[in-house]
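Dear colleague,

Please find below the structure that I am handing over to you. My notes on what was found in it follow directly after it.

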Amino acid sequence: MEDYLKGLNDEQLKAVLHEDGPLLILAGAGSGKTRVITLRAVHLLKTGKAMPYNILGVTFTNKAAREMKERIKRALANGSGNVSGGEPEFSTFHSFCLKLLRRHADLIGYERSFVVFDEDDSSKTVAKIIKSLNLNEKIITPSKAKYFIEKNKNSFINAEGSFSTVRAWEKDYPVIYSEYSKRLKENNAMDFNDLLFNAVKLFQDNPQVLEKYSNLYKYIMVDEFQDTNYIQDKLIKILAGKHKNICVVGDDDQSIYSFRGATIDNILSFEKTYPSCAVIKLERNYRSTKNILNAASAIVKGNKMRKDKTLKTDKKSGGSAITVYNANNDYSESYYMAKEIRRLIREDGYSNKDIAILYRANSQSRVIEDRLIKESIRYNIYGGLKFYQRKEIKDILSFLRFAVNPKDLLSFERSIQCVPTGAGEKTIKTMQDIASNSGESILTALEKGLFSSIRGLKELKGAEKQPDIFSGFDISDFSKSVPAAASASAAAAPSQSDVSGIANYFALIKKIKSEIESAVKGWQNTNETVAAAAEKKGRAAEAVAGSGNLATDNKLPDIINFVYKFSGYESMLKAGVSKAVELDANRMDNIEELINASVEFDDITEFLDQSAINDNRDEQDGDTAAGSDITKVSLMTLHSAKGLEFPVVFIAGLEEHLFPHIRSLDNELSVEEERRLCYVGITRAKEKLYLTWSKRRRTGKDYKYNMPSRFLKEIPEELIEEITDTYEYY
DNA sequence: TTCTCTAAAATTTTT
DNA sequence: TTTTAGAGAA
């Protein structure tokens, strides 16, 4: 038997050796499904059934995609047989679709320079639409409207779809959806849901493109299949339609994304779609102790909507008891965790990297972080306010985004507001209206002289036919003007600064644009076959690894640095904009980090793309973090913990109204989802599990009193060791 | 019309 | 505790 197949149990082996035809793997928590998926890819490669570019693996998080790529790489490196032709494609649904659309967006009526709107961008757009339609903002909220749009996009229903079923009080939503689609198109922008939607549309409308990709991706594997929604399932089925070599892995007990449209039906109907499919169950758990497994099973058994099954383990002894900590308030809850972490390290030989603290809501992290800082326990926080969502990062990037895609009105608005131009809401709106009414981008409108009525630009009359007029301006003006503006009174609005301000902004943008154009080669692989491109990419990667540096012409860090300096952002932060000095220092650090992160990209589009959909802080940290991770405790939500495992797991905030969350209580189905979430959390633990709750918790400015979570009562008492706070710690 | 200061609101989960 | 909205000042 080949080396890489050793140590697998019968079911795992069967799954790994399965070659052609559809395959459904029902894999319980900790049953080694990642290992199975990666080894299956390795097997296909080693036996020559597939070239690396013939394999497509789809996951939900970038973390999981990276992990699988790494494992395959390691397995291949260890073995004897050499496999050439690069690496298999393992990516998230969203990044896979984005790559696809970057190549073919023109076929569905987009420019290839389209931008990706993140949640923040699309919320803002929806809010603007609601305002412009004069709807009652109390009743029609952006979040409800967004939900409507999302729901329909996920069901592959476009804005022209039939909404005859909407109730009378919902009649405004289709109108908003329609306007939203129009605006996104005008901005040459796609939101997260469009990535999926448009990928499906691309394949449906262009059979020749579909043909090309279905021949390329002969083997498709989907991880966490229980979390796919309608359109994701559709995409995969279209793509796998020809070869039908589709392998999906899922566990109905770990379905925790129904709020995003995920449906368990995709698993249930898989066997109907592919009657010939093989079904393999992985029920042996290799991860957790008996006690942990029993507690998890006891909880998930409370769900009515599930396939009955029990995870088995070979472990003889039960392992440590599960610790339940009853805290008096959230401060002492954190204090207990910090104290216990120190004890685990001191007495039980664990290190920080073995430990994770999980919680239901991101807002819980602050109190915990404060405590860990006080106790000098190093930690790494995942999720929460993502790096690329930070104000200063979005500000700086908005200049780049606007320069790359001059139709992006949102980035135009954002970038111009970063700079003291003297142009405010009104002026910006006027320019946006002129541009969209004439069907031009902002920059074209400017060059055609359409902004001659704008204060600050009209003085330049007669110059509009010379596009390089702005090159004469001293573009360092913004950094100079900052201290004056900061010193309040004097520099309010003298007309001279008006003129230079707004014109200088455009000069700055033009300069960025020309820098980008001279530095970055666009997507020129139109005429290449996809396979050739993939192969080339593989070789390029090898070349980089071999020679050390290939990206010698990477000017991205220079360009970002240029924006940072000449927009006056740097001097603004140095002069101190916010009350707290640390906050400004922090922002400067973040921008430094942005510049560092950009070093790894030689294509600005790729850089901007990953800033929208690959928003993983740890990924950004690269080597340094991989090294420092070892010394850090992990903090994350229960959702983002899925797929991971830790020797020691703390789950904080097991209270009614927090976990299960209050917003899930009106609906038995969503309580069941909370219960599955709890199951996911518990099964992350290998050796020790701590469940904590707090009688009193500070939310905002006042306190809330909660009862212990129903989930705590569902765990058999004999598995639990209870500790109760004897004091209140602040 | 833009900028600044003060008061009020805000907290589910993610690509 | 931090971010946003609205009112008043320049």
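A residue is called buried when its relative accessible area is under 20%, exposed when it is over 50%, and partly exposed in between, with a 1.4 Å probe and protein chains only. By that rule Cys678 is buried, because its relative accessibility is 2%.

Two points on conventions come before the rest. This is a predicted model, in which local features need pLDDT of at least 70 and side-chain atom pairs count only at pLDDT 80 or more, while totals for chains, interfaces and linings use all residues. Residues are numbered from 1 along each chain as its sequence is written, chains are lettered from A and ligands numbered from 1 in the order in which they are written, and side-chain values use heavy atoms, with hydrogens and water left out.

Confidence

The predictor's confidence in each residue is given by pLDDT, on a scale from 0 to 100. Chain A has a mean pLDDT of 82, and 85% of its residues reach 70 or more. The pLDDT is below 50 over residues 482-499, a stretch with 12 contacts in the model beyond near neighbours in sequence (a contact means heavy atoms within 4.5 Å). Residues 618-628 also have pLDDT below 50, and this stretch has 12 contacts beyond near neighbours in sequence. Where pLDDT is low, the predicted coordinates should not be read in detail.

DNA strand B

Which residues come closest to DNA strand B? Of the 28 residues that surround the strand, the closest are Glu119, Arg260, Arg360, Gly424 and Thr427; a residue is near the strand if one of its heavy atoms lies within 4 Å of it. Among the atoms of DNA strand B that come within 4 Å of the protein, sugar and phosphate account for 57%. Helix H18 (residues 425-438) provides the largest share of the surface near the strand, with three residues. Helices (H or I, at least four residues) and strands (E, at least two) are DSSP runs, numbered from the N terminus.

Individual atom pairs can also be named. Thr427 places a polar side-chain atom 2.6 Å from a phosphate oxygen of DNA strand B, and a backbone N or O atom of Lys426 lies 3.2 Å from a phosphate oxygen of the strand. His94, by contrast, has a polar side-chain atom 2.9 Å from a base oxygen.

Cysteines

A search of the whole structure finds zero disulfides, a disulfide being a pair of cysteine sulfur atoms within 2.5 Å. For Cys277, the nearest cysteine sulfur is that of Cys247, 11 Å away. Cys277 is buried, with a relative accessible area of 13%.

Loops

Lys632 sits in the loop between helix H27 (617-629) and strand E12 (633-637). Is this lysine, Lys632, buried or exposed? Lys632 counts as buried, because its relative accessibility is 18%. Not counting residues up to four places away in sequence, Lys632 touches Asn352, Lys353, Arg378, Tyr379 and Asn380.

The loop between strand E13 (646-651) and helix H28 (668-682) holds Pro660, which is joined to Phe659 by a cis peptide bond with omega of about 10 degrees. His657 lies in the loop between E13 and H28. Its phi is near 85 degrees, a positive value in a residue other than glycine, and His657 is partly exposed at 37% relative accessibility.

Lys244, in the loop between helix H10 (230-239) and strand E7 (246-250), has a positive phi of about 55 degrees although it is not a glycine. Lys244 is partly exposed, with a relative accessible area of 38%.

With kind regards

Note on methods
Polar contact = N/O pair within 3.5 Å; in protein donor to acceptor, adjacent residues only side chain to side chain.
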